[in-house]
Amino acid sequence: MVWDGLRPDMVSEDLTPRLHALAGAGTWFERSHAVVPPVTRCNSAALSTGCLPEHHGIPGNHFVLPRDEGVHLLNAADADDLEQLRSFRNGRVLLRRTLAELVSEAGGHTAIVGTGSPGAALLQHPQVRDAASSGDAIYNHSLWLGSSREDVEAELGPMPEGSVPNTEQNVYFTKLITDLLIASDKAPALITFWHTDPDRTKHRQGVGHPDAIRALRDADRNLGSILDALDATGRADSTNVIVTSDHGFATVAERVDINELLTREIIAKKRAKGERVGHAPFGFTYQNKQLVPVQNELKIVKLIRDHRNQGYSYHKIARYLNDRKISSKRGGIWYAETVKTVYQNTIYDRYKPNEPAPMPEVKK
Ligand SMILES: [Zn+2]
């Protein structure tokens, strides 16, 4: 059972009595920690494969895939997005086998149950279709593979909508585990339950918010229901129960947006290599994805830079260019802001016009 976003310091006799008791009677893995980056989906794959992201192939919640001429930003919470990885990976989503696959190969059948994103559920057992004949299944509010929502609803009634905290839906899927899976004659050899709280509620409301506390109590009560069902069916002694989390939660107010930083880095690298990124800057055009200098425009760049360096305002330079019908990119007129963009772009440092720029006077 994965309690998404559980902080170890929030496991206590008062707040999470069932988990606290389980830890007391079992083993507490003190050095358990998230893999970097400590976000859900790459930790979901780390939990299912036992590998670091560089080996399992899910480097973040979002990452880029090559597509046509450009790239596609893949959202690992989206099962359809994850499916696209198969065309690059010999029909696989992950680069390593999962625990569910190994259990399946050894003749056991597995059930992945999840109230988190469909992506986090799929990453627990992406080859579930290959194993569907053996009875492997994914049960997620938005992803039913080897299972059917209709069949489950016929037994348990209508599935509740998601909410914050996700109390009702979490209870519903817990019931699916206790009443339909554990109680079955053919109980799965492996059940993985991805419990979206406390993560969902901590994100919306904050770590210490009363709703987040309620979300923790929900998770504990649901764990309790599962432990009780194992007891009631006589399976407790032959079952290993592991409760873990994909990551904790920090209370820092400042945020470093790694995706944003990496994107900026990638764009800078592409520019440095002369590869196409968006529109070509003034002074260049694209030929076969390579930036190619346009000499006439580079002369204007030199004019702009020289005059600005001599103290002319961006506004003055813009008016000078417009008065002489020198058009900016795509035939447009110049504004102080466009002149400033050209002046501040360091790409021109590496390109000089072949001939000296015309240097007519611009009035200061
Ligand atoms: Zn998470």
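This section describes the overall organisation, the five-stranded sheet and one helix pair of a predicted model.

The protein is divided into two parts, domain 1 spanning residues 2-238 and domain 2 spanning residues 258-350. A distance of 49 Å separates the C-alpha centres of domain 1 and domain 2. In total, the protein contains 14 helices and nine strands. Its radius of gyration is 29 Å, whereas the globule rule gives 21 Å for 364 residues; the protein is therefore more spread out than a compact globule. Along the principal axes, the C-alpha atoms fill a box of roughly 95 × 45 × 40 Å. Buried residues make up 34% of the 364 residues of the protein. Among contacts with a separation of 6 or more, 61% involve residues 24 or more positions apart.

Five strands form an open sheet in the order β1-β7-β4-β5-β6, and their pairing is mixed. The edges of this sheet are β1 (2-3) and β6 (143-145), each of which pairs on one side only. In general, strands of a sheet pair through backbone hydrogen bonds, in either a parallel or an antiparallel manner. Strand β4 (residues 110-114) runs parallel to strand β7 (residues 190-195), and five bridges join the two. Within this pair, A111 has I191 of β7 as its bridge partner. Strand β4 is also joined to β5 by four bridges, again with the two strands running parallel. Here G114 stands opposite N140 in β5.

The pairing of β5 with β6, by contrast, is antiparallel and comprises three bridges. One of the residues involved is I138, whose bridge partner in β6 is L145. The connection between β5 and β6 is a hairpin through two residues. Strand β5 (residues 137-140) is covered on both faces. On one side A137 and Y139 are buried, and on the other I138 and N140 are likewise buried. Thus N140, which stands opposite G114, and I138, which is partnered with L145, lie on one side of β5, while A137 and Y139 lie on the other.

A further packing arrangement involves helix α13 (residues 314-323) and helix α14 (residues 336-344), whose axes come within 8 Å and cross at roughly 105°. Because crossing angles of 65 to 115 degrees count as roughly perpendicular, α13 and α14 are assigned to that class. The contact is made on the α13 side by Y314, H315, I317 and A318. On the α14 side, A336, V339 and K340 contribute to the contact.

Notes
Residues are numbered from 1 along each chain as its sequence is written. This is a predicted model: local features need pLDDT of at least 70, side-chain atom pairs count only at pLDDT 80 or more; totals for chains, interfaces and linings use all residues. Domain bounds come from an automatic or database domain assignment. The radius of gyration is taken over C-alpha atoms; the globule rule is 2.2 Å times the number of residues to the power 0.38. A residue is buried if 20 or more other C-beta atoms lie within 10 Å of its own, exposed if 12 or fewer, and partly exposed in between; C-beta atoms are placed from the backbone. Two residues are in contact if their C-beta atoms, placed from the backbone, lie within 7 Å. Two strands pair if DSSP finds at least two bridges between them. Axes are lines fitted to C-alpha atoms, for helices over the stretch in contact, and angles run from 0 to 180 degrees between N-to-C directions. Angles under 35 degrees count as roughly parallel, over 145 as roughly antiparallel, 65 to 115 as roughly perpendicular and the rest as oblique.
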